[in-house]
Each structure stands twice: as C-alpha cells, then as structure tokens.
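User: Please take a close look at a single helix in this structure. I would like to know how its faces differ and what packs against it.

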Amino acid sequence: MAYVAVKGGQKAIQNSINFMEYNRKKGNSPPLETEQVKEQLFLLIDRIMSEGSLYAPDLAAVAIKQTCGDVLEASFVLRAYRATKSRVGYSIAHKTDKMRVIRRISASFKDVPGGQVLGASLDYTLRLLDYTLVKEENVNREAILDRLFPDLNKADPYPDSFPKIVELLKKENLIEIQPVDSIQKEEPFDITRESIHFPASRSAVLQTMARGETGGMLLLAYSNMRGFGMVHPVIGELRVGYLPVEIAHPYEKSIYRVGEIKVTEAEVISANFSSDTNSIPRFSLGYGLCFGHNETKAISMAVLDRAMQTSQPKAASEDQEFVLNHIDGIESVGFCNHYKLPHYVSFQSALDRVRFAQEEKIKEIKK
Amino acid sequence: MTGKEWIMNQQNNKQTFLYNFAYLDENTKKEIRRKILKAVAIPGYQVPFASREMPIGRGWGTGGLQLTLSIIGCADTLKVIDQGSDDSVNAISIKKFIQKVCSIPITNDTKKATVIQTRHRIPEEKLEKNQILVFQVPVPEILRIIEPSDQVTKRMHAEADYSAIWLYLYEDIIHFNEISIGAGYPVMVNQRYIMDPSPIPRFDIPKLNHSRSLLLFGAGREKRIYAIPPFTDVHPLEFEDFTFRTEDFSGKTCSKCNASDVYLDEIIDDESGTRSYQCSDTSYCEKRCQP
Amino acid sequence: MSTIKPLLSVRNLTKRFGPGCEDCESLTGPTQNRNQCPTCKTILGCGEVSFDLYPNEVLGIVGESGSGKTTLLRALHFDFEVTSGEMFFSYLSENNELTDLIKQIQDVNLFTTTNYVKRKVRNFLTGIIYQNPLMGINLNISAGGNIAEKMLMAEWRNLQTIRNRSKYLFQKTEMPLERIDQSPKDFSGGMQQRVQISKALASNPVLLFLDEVTTGLDLSVQAGVLDLIRNIQREFRFSMIVISHDFGVIRLLTERCMVMKNGKVIEHGLTDQILEDPVHPYTQLLVSSQL
C-alpha cells in the first residue's frame, strides 16, 4: 500500500527524518566540528557558497554537516537561508586588476607581465591515493611550513597587484571590447528580485551563471569545446584571489570596506575570429567569475558566456534560454526529486485516457 | 501582527527562531501581493515574479507556498492537501513549516479553512466567497507540450496564437480517437488566455468555471503567478463534436463512505489483486463516515 | 471599377534591411541599378510601393531575383515589420463571425496595428503558398493535420466540418485520399505543394498570396499545379497576389501586373498589355528574353 494513502503518514515522515539524524550520529567517531569542515574541506565550502550564492564560510560548514555532505542539498540550505534576507543595497563594482592574488596563470603567453603564479592547486598532483592520510599526525602550522617549505623566504610576499593580460590584448585592439566593462555604470539586473526574461541582459546572464551548478555548467561548456559549438578556448588569464567588498554610505556617500571575498576569475579568449563580418577580424572574450576557489566553474562559465554571444545559436550551449534555464542546481535537483512525490491523481487521469483509447482501438479492429 | 511583533513574541517565548512572521520578509510579501493583483486583473495571464528559494524543494510546492505565506494573516485558518489528502508527505511538510513560521490554526475541514493550499486537487465540498484556493503548479506553461522556448510561448500568448495546441488535440483524436492529455487539461480563461490548471484531474476542471472563491496559481521554480478571479468563464478546450470528457468512474463507489459522485483513487489489494476505490478527498470521506 | 471599393490598399510600402542613412534614398533603386546602399550597406527590400487590389482580382508581380517582389509579399503577410507605409483591408462579409474583426480593422493601417490583430487578419482573411512547401507545412504532423491547422487558426471548432473540408480539398487537389493521415515527409515535392495549397485555401481566405509556387517543381508537374490554382480561383472567387519571375505564370494566372526592379515598381498595367507592348526598357528586355 502506498505510503501516502495510509493514515499516520505524519508519524512515518517524522521517523524518516529522525532516522537520517541517527545515521549521521551513530558512528563511533566524535561529531564533526564545523571548524574542521571549514578549514580542511575548503574547496567544498567554496563550491557550496558559490552554488548557494551566499558568501558565508561558517554557514556553509553547518550546511555541509547538516546534509551529510550532499553538495546540492547543502547549497540549497544556504540558498534558502539567503532568500530570507532583505536586500539592503548593492556593493560597489570592482575591476579585478586590484585583486589580492593567490594564484594566477595564463595559457596564452609563456612569459606574462607579473609572471605565472601557481599558488596552491591540485592540478599538479598525481591522483594516487595517499594512505598516509588514514592516520595523520596532529602537528602545528610552523612545523608543517618547515617540513614543506624548508627554504621559504618569508619576507618575499606577492606584489600588490598584477597587470591584466586581457587588457594588454585589448590595447592592441586584438580583442572585442565586451559590454562587461559597462556593467558598473548601470544598476545591475537583480535575478533575485526580478524574474529573468529572454533575451537576458548581460548582468542577468553572468549572475545566473555565477550561482550555477558546477557539474551542469561543465557539461554544457564541455559539449561546446568538444564540437557542439564554436568556442576554441584559450585561457587568457585565470586568477584566484581576494576582492574587497565595499558599500557606499546611503547619506554620507563615503565608501566603507566591509570585508573581502575569495573569487576565481577566468577570461577565456576564443581563438576564432569574431563573427561580426563588418568589423575588423578580432578575437573575442568570455568572462567567468564565481565565489571561492573553483576553477572548473569559472572556466566553464567563461566558455558559456562566449558561446551565448553567438548570434545564430545552433548548439545547446549557445542558446541563452537553454543554458540559463537549466544550470541552477537548486532548481534542477528539486524538480528531479519532486517526481518521488505521489502522483496518483494525475496518473489515475492518464490511466482513464489510455484505457478508453485502448477500448476504442479494439472496437475499431473488431469492425 | 507585524514582522517585528512576531519576532518579539518569539523571543519572549525564549525561542531562537529568527524568521519573520510567515517566513518571507515584508518586502517580498508586498512584491508577491502586487503580482497577485496583476494576475487577478488579467485572468489566466502568467505574471513573472522573482521567486525566492524556500526551505522545501523546488518543485515541491514552493510557488504555492510563497503565495500562501504572502496572503496569510493571524486570523486565517489553513488547510493543506496533496492529491486530495490532508495526510500525504507534501501536505505534511508544508503544514509543519507554515505552523512553525506563523502558528495559525490548521484544519482538515474544507468548510472551516479560509486559505487552502492544494497540490493536484480541488476539494469535493463547494468553496465559498471567503475562501482562497492556492494551487501548486509544477509547469505553468501549457504551451510547453508543443514549444520549449519561453520567448516563443510568450509571443504566442500575446497574439493568442493557439492553433498549435488545438492541432495537438486534433492529431490525438485522429490517431487515437481520444485525447492523450490526462490531468492538467488546457482551459481557456475569460475568452483570452489558454491556461494550465495545474495537474488537477479533468474531474475538477468544471469547478474552475464561475468559481465563487478566488483561485491563485503559483509556480516557484518557473517563477510565475496566475489567477482566476471569482465568477470568471473557464472552459476546457473542446470541439463541438468531440466534447470534453472527465474521468469515468461510472458504477464505482468509495469503499469507505459509499460516495459515487467524487474523484476516486484506485487501490489494488496486496493479496487478492482485486481493485477497490476510495475518495481522493480524505477529509470529505471522513466527514461522510462520521455518524 | 471606380465604384467598387478595393479589398486591399497599399501605400508607400518601404522595407529596408539595415540601419539606413541619408544616402539610401538617392543611391538605391532602378535608376542606380542597385539595391544596396554603398554608404551604410543597408539593403532596400522594396521602396514606395503603392497599389490597390479589388475583390476577385488576380494581381501579378514580376521581376528577376532580388527585385523585391518576395519582400513585398512577406510584408503583406506580416512576416516582419515594415520600415514605413500603410495597408488597409476593407472586406464586406456576410460572415457574422468576422464582423468584430472587420470593424476592428476598418480604416486602420494594419502595418502599425498590434501583432494580435495582424495575426487575426492573417488567420481569418488570408492564406499564403510559399515557393518551398516546407515553409508552409509541418512534416511532423499528418497531411490532414496540416490542412486542419489553417481551419483551427480561423477558429473552426467542429471536427466533422474540418475533416470533411480537408478531404474535399484533398480530392480537389487530386491527392489520393488514403494518404490524408500520413505525414507529408514521404510525399513528392509536387504532392507537398498540393498539401500546402489545400492548407492555404482551407479556411476560405478572401486573399491568397502565391510566392513562386511552381519554381521548385518539375516542368511536367508545374502545368498541373497552375491549372489547379486557376480553376480553384475561378470556382471560389478570392483575390490573389501572384509573385513570379516567369511571365508564363503571370500570363496564365493574372489580369493585372506590376514589374519590379531593384525594390521599386517600374511599370504596371493590364497583363496582356504589358506583354504586348512593354514601355519600360527593362520590361521590354524581360519580355523579349522570356517569350
């Protein structure tokens, strides 16, 4: 008998919730500290903040713990919390050349002004399981530093800022100037306050992707790079670092710095000529930026941004409506899972149709 | 009660629950109420709104929930049903949530409710002028069956370009001598817009026409609100010589309350495999069973 | 003729593709022998075209490829927005269902009206047959469904009537009736064109647009299709605008014609007269090269 039709469903449901909580706690290990989640699973935190579209590492850690590590569910919890906050204002738009960089690479030139800064990355690791992690010693930060960087010159910090590689190409008129440069001049379209409509403005496009689900965006971007599309990406510059968050005082007009956020920015040059035949041949640019350290997402976003500028969309990744309506993790996971809800009224209605149609057909055959 | 008073009350009760009355912030409620007014002014037209993420899943009634939370006040009595049942998963999680964020009375009795949130059914008991029925809508765009793009369907509605959906019905009839759309059957509202009535059975479609209560439809994931004001013409699409047909329950009655003019759920017995029928509207059935 | 009101009046219809500039006017057209403005690259589709079309009359528009005749026809069918110009439709109908629409469009420049009204005019009063049948019919639905679509557009809601009319037109266009429920996917080009003709005629339009209807067909099929169109026009008495680069088609179908070059009308008059005694040197060239 279906679990819905029975009386006492309420109790069964509460039991299911309790069972889940029991499963989270039943093991012998001590409860996970959210501080541990935040400090040691920081890439997960970054992803949750980006897809949940709220920059709050502590809350993200709670969300991860609460949902037992389900990435989509954790982002959802964070996003739902965000939705209850009223909008007090918009921070001031920043150019990213003043970013406090912790990683910065370019694939377009061997030697770039400012140099390649590899920073921390999993890119160069061998994907071999590290058994030593099963039992890891608890040592302090200094000891680790000494072990990993014995000849580190601690007095040699990064420069304050790095020149933007794409700017150099723009100066040489090799790249189309993007409307992204004009965003800060106007109030952005706020996708959390207005329903997106198509064709969507550039600020709506970038916002939607900035909170998109990494896997979904990767899929669409990958389909484009692989051949169902026209973008031939070259990473002009990829940077990870911190951007200040500043707000203008509503009356005094003075600007206050309220904190900083870690972001990943990707500028992807499409190595085919711009499609506009009336202008001189140039490269074009796709732009990606998201919360936290998530290079896959930033690059996918940049590729999709470029793909959607195609004037005659042919592939799915070039179609604004297709991309923007399907990359949100919270929306897609909710709809996918809602099919678990009972549908017996509508199914009964469909049964009635098919039974009737069958009878009609049998009558016709007998004739 | 204003949001502030609500929080104060909650704090006085030493609860650490720091959400506004009815969860949404007052600006959001205002925005949604404005969109509702627009929807009422243009019956059947889908009004876009900036749907908020709710603490229940997208596709689990977040649109209906936002409507309910925006219109509900302390004097209201709420009923929530899922597939006609007061006790089904979706109804329970929504009721639990609403009670947590506004502690208003909740009832199973259709007659006592002022606001009824529903998934896929209209109650059997006739609704009155002082009641509002809020539908949860999974896919608000009825033209989606023939056209995937929003930009295109928007234009089709603007121009009343509806031949494609009529053709869909025509082709069904030619090939199967029957229409394949079961629940969520398209209706023409106020002789202007073709509308998705949400996946209610065809049995409930006639109840939309000249309804005495206000009917609101909310689609959270798709970010649309639409409405049928009281006493509006609502008709299912039909041909003069192939008329609209509701589900056929002739000769079948509810095994519990013996009702015959209601929507029935088909129940298959575990052991014998025989079929029996029960009212889909559980509170109506219970009422009839009481002496 | 002067006492009869024209069915269709077009005044100064201009359509440019591109931004347009001050030089467009002086640097394009037949006198310049080009239709692209050398300054701003804007293309003149058609410029300052005016004419009247009377009830039951057949008007031909002839010119070589790029002369603007198809642009003109598409503009009249509201396939795109025009740059400037006026279009009036005056139709005296005994059909009561059309009274509202006719009142609505009386003395209204249709080019500047809403897309909603334009669609009504297109659905209820006109029909179009494109050179490529695939532009006019949908291969994913049955041949009968394609014909039915035009009637559904004009809000016919009786299946039997629609069905009978489809069958009648199928026979009228010499199509095998047993294939009416098949997809036109597997039909020959000539058969697809016949389906398109049936569709265009299905809702009894008062004005039919023909865009190079025989160009894509084999010579042997061409004559048959032309005969068919001529006979149907004589039987049903609707007005037609026929576009062709071929004076043979124009001679067979039309009473009056206009000659276009580089987007402008360079000559118009009775078809026989233009063929016998062309005035404009370009027309003389066209006639002598073709006949």
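Analyst: B:Asn27, B:Arg34, B:Leu37 and B:Ala41 are exposed on one side of α2(B). Exposed means over 50% relative accessible area, buried under 20%, and partly exposed in between (1.4 Å probe, protein chains only). On the other side lie buried residues. These are B:Thr28, B:Lys29, B:Glu31, B:Ile32, B:Ile36 and B:Ala39. They share a side of α2(B) because they cover an arc of only 160 degrees around the axis. That arc is taken from the directions from the helix axis to the C-beta atoms. An α-helix has 3.6 residues a turn, so residues three or four places apart point the same way.

The model is predicted: local features need pLDDT of at least 70, side-chain atom pairs count only at pLDDT 80 or more, and totals for chains, interfaces and linings use all residues. Residues are numbered from 1 along each chain as its sequence is written, chains are lettered from A and ligands numbered from 1 in the order written, and side-chain values use heavy atoms, without hydrogens and water.

What covers the buried side? In chain B, the cover includes β1 (47-48), α3 (62-71), β7 (214-219) and β8 (224-228). Contact here means heavy atoms within 4.5 Å. Helices (H or I, at least four residues) and strands (E, at least two) are DSSP runs, numbered from the N terminus.

The length of α2(B) also checks out. Its 16 residues (26-41) should span 22 Å at 1.5 Å a residue, and the end C-alpha atoms are 23 Å apart, which agrees. The expected span is 1.5 Å times one less than the number of residues.

Now the contact between the chains. Chain A gives 50 residues and chain B gives 65 residues.
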